[in-house]
2 protein chains.
Amino acid sequence: MITIAEYLLTRLDQLGVKHMFGVPGELNLPFCDKIEDLKKIAWIGGCNELNSAYAADGYARVKRSLGVCLTIFGVGELSALNGIAGAVSEEVPMLHIVGVPSTAQQKEKTLVDHTLGDARFDPFMAASQQITSIWTILTKKDAASKIDRLLIECISKSRPAYLALPTDLAGVNISSESLQYPLSRHVSQNDPAAEQFVVNRITSLFAKALSQTGSSDVVVLVDLGAIRYDVVQEVKDLLQVTGFPVYATPCGKSIISETYDRYGGIYWGSELSSHEVKQKVEEANLVLLIGPFPGDFNTGNYNYDIPTECMIELYPDHTKIQDAVFPGVGMKQLLPKLGAQLQRFHGTASQIPVPKFDNVVPQDGSSVITHDWLWPRVGQFFKPNDVILAETGTAQFAIVDVRLPSGSDLLSQMRWASIGWAVGAALGACLAIKEGAPRRTVVFVGDGSLQMTVQELSSLIRTGVKPIIFVLNNGGYTTERLLHAEGAQRKYPDLANWDYAGLLKVLGDFDGTASRSYKARTRKELSDLLDNQEFGEAKFITLVEIFMDKMDSPRSLKNWPKPGNQPERPL
Amino acid sequence: MITIAEYLLTRLDQLGVKHMFGVPGELNLPFCDKIEDLKKIAWIGGCNELNSAYAADGYARVKRSLGVCLTIFGVGELSALNGIAGAVSEEVPMLHIVGVPSTAQQKEKTLVDHTLGDARFDPFMAASQQITSIWTILTKKDAASKIDRLLIECISKSRPAYLALPTDLAGVNISSESLQYPLSRHVSQNDPAAEQFVVNRITSLFAKALSQTGSSDVVVLVDLGAIRYDVVQEVKDLLQVTGFPVYATPCGKSIISETYDRYGGIYWGSELSSHEVKQKVEEANLVLLIGPFPGDFNTGNYNYDIPTECMIELYPDHTKIQDAVFPGVGMKQLLPKLGAQLQRFHGTASQIPVPKFDNVVPQDGSSVITHDWLWPRVGQFFKPNDVILAETGTAQFAIVDVRLPSGSDLLSQMRWASIGWAVGAALGACLAIKEGAPRRTVVFVGDGSLQMTVQELSSLIRTGVKPIIFVLNNGGYTTERLLHAEGAQRKYPDLANWDYAGLLKVLGDFDGTASRSYKARTRKELSDLLDNQEFGEAKFITLVEIFMDKMDSPRSLKNWPKPGNQPERPL
């Protein structure tokens with residue numbers, strides 16, 4: 001026998017969870033007791049629930065597995081909801097455990113605090129159920145199987161799950177028997193005949209494409225679904241055996257090393273891609289798109305210009321070849337079989353040229369830190385295996401154009417686009433990294449975004465992690481000044497100015513021994529810092545306030561295209 | 001003709017709204033343009049949406065009328081949801097305007113950003129609809145009447161309303177004709193015969209109660225519904241003409257001046273009320289309870305000990321006399337008629353003694369700032385007409401025992417109890433005050449609560465308002481250490497320590513000319529500060545960090561009773 005709390009914590013431990021995030025509150029304290037006693041998972045209390053949800057999201061992204069966030073009924077769970085919705089939108093597996101009133105209180109409809117005064121217990125859970133369809137209310141009966149089913153669905157669908165844990169159940173004993181059978185992601189089994197048909201069809205399309213006179217380019221285009229549905233290794237194996245040229249979408253950036261010699265850069269639709277990439281992808285005879293993740297940012301505002309007859313799309317549970325959909329043929333099992341068939345084309349495919357993608361720092365003699373200068377410059381600062389977080393706003397637009405080093409991971413909320421995410425997510429990312437080999441965490445965040453969730457800097461200090469945080473201080477919401485016709489003349493994008501470089505001391509590093517803070521007003525000041533060896537070693541939590549003009553922006557934001565035609569909805 | 005945005009803003013202006021709160025975002029920018037151009041309502045951009053919702057809540061509470069919060073679709077509205085739910089729970093009228101995708105985008109199910117990737121446009125609105133039943137989606141057709149109906153329901157029911165404003169509609173022209181008819185709160189009209197019966201019945205009960213031998217006490221007990229349903233003046237008139245002794249619930253505190261000579265103090269159930277108040281209320285022959293607001297905090301954990309046969313309860317839409325309910329007899333129209341009948345008892349009633357309620361500072365020679373010492377001491381610091389915000393936590397428990405000066409208003413979230421509310425609400429409260437005669441704003445907030453929403457201190461600085469903020473630094477969530485059996489030995493209530501007194505400089509007052517910050521470690525340090533005339537004049541935004549022991553707490557929290565029997569649900 002084992003308590004329900006221990007059962008749940010043991011399952012999380014089995015799934016590799018070593019840190020969990022949240023805010024303690026009366027209704028989840030019995031569960032918090034168990035976390036502290038069991039000592040398997042470190043409790044990371046957040047300053048507020050939204051930040052904790054972001055932290056769980058960042059943790060899950062770095063580990064490419066489950067993140068966990070704990071809140072309470074009403075006040076806590078609603079505060080976290082935007083963070084949960086972000087994980088739904090971005091397909092991040094996250095367990096949201098909510099301490100709710102006891103089963104007795106719910107039965108008697110006690111008017112506890114944190115209710116709307118109407119003795120309804122369901123409105124908050126019902127709100128969450130609008131956001132995620134994966135949820136359960138724990139009961140003593142079937143607690144183990146409810147937990148197991150929820151977790152399997154969460155990791156298999158790569159989406160947040162909502163677990164209502166009545167406060168009296170944490171200490172209730174249940175059988176531990178099923179714990180001997182570990183949980184794992186469910187992979188849909190392909191129908192052999194359908195799969196064989198798809199393999200043959202794709203192989204013959206490649207054979208035809210590669211034998212055409214004139215251009216015989218074929219390309220692989222990697223999107224975020226490759227991470228979310230756990231086929232990164234399969235994709236790398238396919239690329240290895242075929243020698244195909246490979247490109248990434250903005251959301252797929254960093255999945256394939258940007259230093260790989262067959263990697264050509266980012267395809268960002270027909271308006272924003274570089275001339276070479278646009279030509280290579282849009283004029284290819286065949287594009288194998290892996291794990292499509294449609295969204296306006298990712299597609300350059302829906303400006304894909306790839307003919308349907310040249311497009312093959314691989315999804316976790318189906319395949320689309322030109323106009324034909326093959327349900328039940330998922331990419332996890334398909335990819336190795338495709339590789340086995342397509343490797344015969346290695347000779348031809350490996351000769352297809354790819355553009356060079358590099359960071360070129362403009363030498364125009366100006367001292368002003370402009371986006372055009374900043375991003376290739378920090379591109380030179382990155383090291384292999386860095387984890388890079390780019391906040392929604394100018395940083396997100398700009399980072400797409402930076403060539404990242406091998407082994408690095410780019411994290412960014414490119415579909416949900418909730419400003420404030422980066423600082424919270426950095427906490428989770430740093431703690432996930434702490435579980436493995438040392439890697440630097442480098443965060444880029446605008447002033448408006450930092451103001452949303454600034455308090456979580458204190459958790460970074462408190463946990464002893466050492467990210468380097470670049471704060472782009474341009475006096476307000478620059479994307480609003482640029483994306484909205486009247487934005488440039490308006491006052492509402494203006495923000496209060498803060499002494500950003502003074503934050504870390506006030507938020508916990510009183511004597512300045514744990515952190516370093518800098519202000520960079522000129523290219524030279526920033527360059528000197530980036531070249532400083534100690535700075536680059538990231539031995540301290542570091543904040544660099546970079547002063548930029550409020551109307552300056554990356555080229556992609558300046559040239560953000562009008563919306564094109566949306567692709568069809570995925571199945 | 002007038003644009004829909006101007007129509008809405010004109011209606012808000014007619015309802016007395018002079019400041020509105022929120023965060024600008026792509027989908028509400030056309031509406032933000034109109035706010036800036038129309039110049040009738042000041043736009044107060046918040047650091048994040050939850051804080052802005054709290055600000056709108058604080059604004060509405062001080063003005064006892066409508067507060068307004070503006071967010072965008074998805075990311076913004078979900079972030080605000082806990083603040084909106086708080087206003088539902090606490091019955092605060094608030095309009096939540098949400099900039100949503102254009103009618104064309106919704107029709108075509110465009111996969112814009114801030115969606116869950118499934119082209120559904122309704123999940124966020126559906127989440128809000130779980131929280132409030134007052135909502136509309138604006139359309140060009142019937143825009144004016146939709147706005148009007150929504151606002152009338154919002155102010156009449158004293159609850160938040162959700163208004164989805166498609167981004168393309170802000171600039172669409174509609175007829176302005178109906179603007180000549182101002183909107184007002186709907187007061188249910190009492191049925192004359194039923195009302196007459198109720199008046200007679202209550203009058204005869206008072207006649208009987210006041211003529212009994214032995215104790216002939218009758219008391220009026222004022223609760224929060226008196227403010228929320230706009231009968232404060234009617235209650236005062238009744239007290240004036242009858243001379244009845246009056247008490248308040250914790251939520252009803254400050255509605256009747258605590259210096260009024262017929263006021264006896266706070267009835268907080270049978271376990272927490274002072275001995276004298278308990279006796280006076282529980283042994284009265286008749287208790288006239290006005291605007292009941294049931295909740296665990298307000299009732300001392302449901303420990304009312306007032307016999308049903310002694311209880312008369314007045315609600316906005318019905319009356320309850322002993323066991324009998326009279327639907328359709330609401331207190332707004334009933335109270336003046338009751339007064340006219342009950343004034344005949346003035347001679348007897350005005351002789352009923354009331355306990356003395358005062359602030360007595362213990363003189364035990366200790367230098368440590370304890371709760372027992374702190375609260376009567378700040379009670380002496382308060383001035384008439386102060387607006388006092390007490391955050392959920394020790395401050396909320398303690399403030400109930402402090403006698404407040406005449407004309408002061410106590411604001412506290414005693415049912416929803418979401419920590420973090422106070423700093424956001426202070427912004428709204430201060431700006432509401434700025435619209436009228438000068439009053440001080442005094443805020444009490446725990447360290448854990450301040451950490452939730454700290455960034456909004458910068459908005460206080462930016463808008464030039466001058467609250468005095470006392471931060472109770474006791475190293476964590478003290479209520480958790482006390483209310484939970486194992487809390488005292490646990491680590492999870494611990495917080496990162498901040499240099500709270502250093503916050504205002506970093507968050508905007510770089511040269512220290514706009515603010516004052518202090519640390520008080522001893523009674524003498526704090527007393528000297530409170531006695532300092534300049535400090536008391538509140539010419540600067542002021543933050544005082546008070547150091548307290550992590551296990552010290554107010555007597556009501558130490559003695560928080562086990563739950564008693566809940567009263568029946570209101571109709």
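**Entry 1. Annotated binding site.** I looked up the UniProt record, an unreviewed entry, and found the feature "binding site" placed at Asp447(A), Asn474(A) and Gly476(A). I then checked how these positions sit in space: they are spread over 30 residues of sequence, yet they cluster, with a largest C-alpha distance of 7.0 Å. I note that the model I am reading is predicted. I also note that annotations of this kind may be inferred rather than shown by experiment.

**Entry 2. Asn474(A).** I located Asn474(A) in the loop of chain A that runs between strand E19 (468–473) and helix H20 (478–483). Is Asn474(A) buried or exposed? I recorded a relative accessible area of 5% for Asn474(A), so I entered this residue as buried, the cut-off being under 20%. I listed its contacts, leaving out residues up to four places away in sequence: Asn474(A) touches Thr394(A), Asp447(A), Arg481(A), Met548(A), Asp549(A) and Lys550(A). One of these, Asp447(A), is itself an annotated position.

**Entry 3. Gly476(A).** I found Gly476(A) in the loop between E19 and H20 of chain A. Its relative accessibility is 5%, and I therefore counted Gly476(A) as buried. With residues up to four places away in sequence again set aside, which residues does Gly476(A) touch? I noted Asp447(A), Arg481(A), Pro493(A), Asp494(A) and Leu495(A). Asp447(A) and Arg481(A) are among the residues touched by Asn474(A), and both are also touched by Gly476(A).

**Entry 4. Ser254(A).** I turned next to Ser254(A), which I placed in the chain A loop between strand E10 (246–248) and strand E11 (263–266). I recorded 8% relative accessibility for Ser254(A), which means that this residue counts as buried. What does the side chain of Ser254(A) reach at 3.0 Å? I identified the partner as the backbone nitrogen of Leu410(A). Leaving aside neighbours within four places in sequence, I listed Leu404(A), Ser408(A), Asp409(A) and Leu410(A) as the residues in contact with Ser254(A).

**Entry 5. Relation of the two chains.** I superposed chain A on chain B and obtained a rotation of 180° with 0.0 Å of shift along its axis, at an RMSD of 0.0 Å. I entered this as the relation of a two-fold axis. Which residue of chain A has the C-alpha nearest the axis? I noted Ala127(A), whose C-alpha is 2.0 Å from the axis. I then compared the interface residues: 100% of those of chain A are also interface residues in chain B, so I recorded that the copies meet through the same surface.

Methods. Residues numbered from 1 in each chain as written. Chains lettered and ligands numbered in written order. Predicted model: local features only at pLDDT ≥ 70, side-chain atom pairs only at ≥ 80, totals over all residues. Heavy atoms only, no water. Helix = DSSP H or I, 4+ residues; strand = E, 2+ residues; numbered from the N terminus. Buried < 20%, exposed > 50% of the residue type's maximum accessible area, 1.4 Å probe, protein only. Polar contact = N/O pair within 3.5 Å; in protein donor to acceptor, adjacent residues only side chain to side chain. Contact = heavy atoms within 4.5 Å. Least-squares fit on C-alpha atoms with pLDDT ≥ 70 in both.
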